[in-house]
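Student: Here is a model I would like to go through with you. Can we take it piece by piece?

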Amino acid sequence: MRTTPFDHNYFIGYVSQVNPQFIKIHFPSSVLLNKFIFSGEEFNGGLVGNFIVIEGDSFGFIGKLLELSLPEKERLDLTEKAFQLADFHPTAKAEVLLSFNYFEPLSVSKGLDCYPNIGAKVFVCSSSFIQDYFKRFGLREDDDSSPYINLATLTSNMNTEVTVSQQAIFSRHCAVVGTTGGGKSWTVAKLIEGIKLNKSKAILLDPTGEYENIVDGSVVSVALARDVYFHYSKLKNEDLFYLLQPAGRVQFPKLMDAVRSLKMVSLDHNGELSDYIDNGLLIKQGKTKRPLEVFYYNNIGHIENGLLNFDIKKLPSQITCECVFDTDRGDMSKFGGRNDADVSNCVSLISRANNLLNNGIYKSVFGFDKEADQDNDLTKIMEAFLSDESHAVLRIGFEEVGFEYQSREIMANSIANYLLDKARRGVFKTNPVVLFVDEAHQFLNKKVQDENFQFNHLNAFDQIAKECRKYGLFLCI
């Protein structure tokens, strides 16, 4: 391994201008930019995209050529014969990427504490030197155990592999961006391949089925609405609000009351509420309040856990049952009779609830007519995947999920919420997981609109990006 890049055989020019965005380089002779071979390696200093090293007073710098040009006065002499016989003096613009200490050249400093001086020498960078920097970038000084991913090759030397630390790529979350056909999917595939080889864990949300053929012994591949469903009992109250879009003043409180009532029905194993329950519904009309209040406070932890662990098929009818007066005129300790005004205000909510539960897309995705924790329940498959060391990648396909009713966005947000909750409980601290979101524009920064034209944000991915790095859940979009 070469310890210093400042070899005269690599010299190409001098720094002629410095500013915070870029530097300019003067080449004493165009001959210095010609292709040459040294120590068995081919170099070409005159290519945009090549890496360079700069010799400063106390620090060295690594940069990248962005632009090459000729001075205006020399452009007038541009002819084929002149290029063969004359010696031109090109200039270049380069971006300074990082600095390093002369005495510890492989110790990478993030950011720039200083800049090169005017007149500093510039050298073309050897492949081995830049390769060592890529390998060390993003690692702590005392960390020699981080796994690596063979990501690509240098454009200036196709024989030089670029190996990057997995920690450096994912420790601050990761985004793969580019134009159509620019290689985003290929890059994601390389990252997933590296995770498989390193026996780490990754969950891939695949909206188009593009990665369906990556299946091998270390990959679990399922498709929503075809192979698996995400059972509604693992959803949260917020997910139900996204699906039903209740109006704020009347519908929202009645929906919350209906959810609490159905949870009380599901928790009544000893028959304490037998006088209140009829055909799976909690009837309040004309009933005494006190027993319900006592039962609620005795079970408040389960009732207010935020999950939809009740019989959701009863929800439309239960909303109607909630439309009663808070008190009876003759007895303040009892609920009153039916409140027709509340029923009228909740008609649209009840209709949306019925449409939701009978919609074929949502039934197949959320399993409204299925039991929880069956073999094809996605949450059960995710639990098995996380506990099985032989599997490295879980692909969750959305290719069978329709685009109607914002079902894709809500489904992806629900999966992200599920993983967010597990992360907050510390599940991933000892076994980190990378969540890949392909075609992320379909899922991120989305909103759902209620009947009052109010927007609710689907923000589970935002929360993962903001707080889950310390919990061991990393995001790659």
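**Helix pairs, a helix face and single residues**

Tutor: Helix 14 (residues 378–387) and helix 15 (residues 407–424) pack with their axes 12 Å apart, at an angle of about 45 degrees. This is a predicted model, where local features need pLDDT of at least 70 and side-chain atom pairs count only at pLDDT 80 or more, while totals for chains, interfaces and linings use all residues. Residues are numbered from 1 along each chain as its sequence is written, and side-chain values use heavy atoms, with hydrogens and water left out. Helices (H or I, at least four residues) and strands (E, at least two) are DSSP runs, numbered from the N terminus.

Student: Are helix 14 and helix 15 parallel, perpendicular or oblique to each other?

Tutor: Axes are lines fitted to C-alpha atoms, for helices over the stretch in contact, and angles run from 0 to 180 degrees between N-to-C directions. Under 35 degrees counts as roughly parallel, over 145 as roughly antiparallel, 65 to 115 as roughly perpendicular, and the rest as oblique. The angle here is about 45 degrees. Helix 14 and helix 15 are therefore oblique.

Student: Which residues of helix 15 meet helix 14?

Tutor: Contact means heavy atoms within 4.5 Å. Helix 14 brings Leu 378, Thr 379, Met 382, Glu 383 and Leu 386. Their partners in helix 15 are Ile 415, Tyr 418, Leu 419 and Lys 422.

Student: How do helix 6 and helix 7 cross: left-handed or right-handed?

Tutor: The axes of helix 6 and helix 7 come within 12 Å and cross at roughly 130 degrees. That makes helix 6 oblique to helix 7. A crossing is left-handed if the near helix is turned anticlockwise from the far one by less than a right angle, and right-handed if clockwise. For helix 6 and helix 7 the crossing is right-handed.

Student: Why do the buried residues of helix 8 lie on the same side?

Tutor: Buried means under 20% relative accessible area, exposed over 50%, and partly exposed in between (1.4 Å probe, protein chains only). In helix 8 (residues 290–298), the buried residues are Leu 292, Phe 295 and Tyr 296. They share a side of helix 8 because the arc they cover around the axis, taken from the directions from the helix axis to the C-beta atoms, is only 100 degrees.

Student: Which residues are exposed on the other side of helix 8?

Tutor: The buried residues pack against helix 7 (251–267), strand 15 (281–282) and helix 9 (300–303). The other side of helix 8 has exposed residues. They are Arg 290, Tyr 297 and Asn 298.

Student: Where is His 231, and what is its relative accessibility?

Tutor: His 231 sits in the loop between strand 13 and helix 6. Its contacts, leaving out residues up to four places away in sequence, include Phe 366, Gly 367 and Asp 377. His 231 counts as buried, at a relative accessibility of 4%.

Student: What is the distance from the side chain of His 231 to the backbone nitrogen of Ala 372?

Tutor: A polar contact is a pair of N or O atoms within 3.5 Å; within protein, one must be able to donate a hydrogen and the other to accept it, and residues adjacent in sequence count only if both atoms are side-chain atoms. Here a polar atom of the His 231 side chain is paired with the backbone nitrogen of Ala 372. The distance is 3.5 Å.

Student: Which residue shares a polar contact of 2.8 Å with Thr 163?

Tutor: Thr 163 is in strand 11 (residues 157–165). It counts as buried, at 12% relative accessibility. The polar contact joins two side chains, that of Thr 163 and that of Asn 150.

Student: What is the phi of Lys 199?

Tutor: Most residues other than glycine have a negative phi. Lys 199 lies in the loop between helix 5 (184–197) and strand 12 (201–206). It counts as exposed, at 74% relative accessibility. Its phi is positive, near 60 degrees.

Student: How far apart are Val 53 and Phe 129, C-alpha to C-alpha?

Tutor: Val 53 lies in strand 5 (residues 51–55). Val 53 is buried, at 0% relative accessibility. Along the sequence, Val 53 and Phe 129 are 76 residues apart. In space the separation is 9.7 Å.
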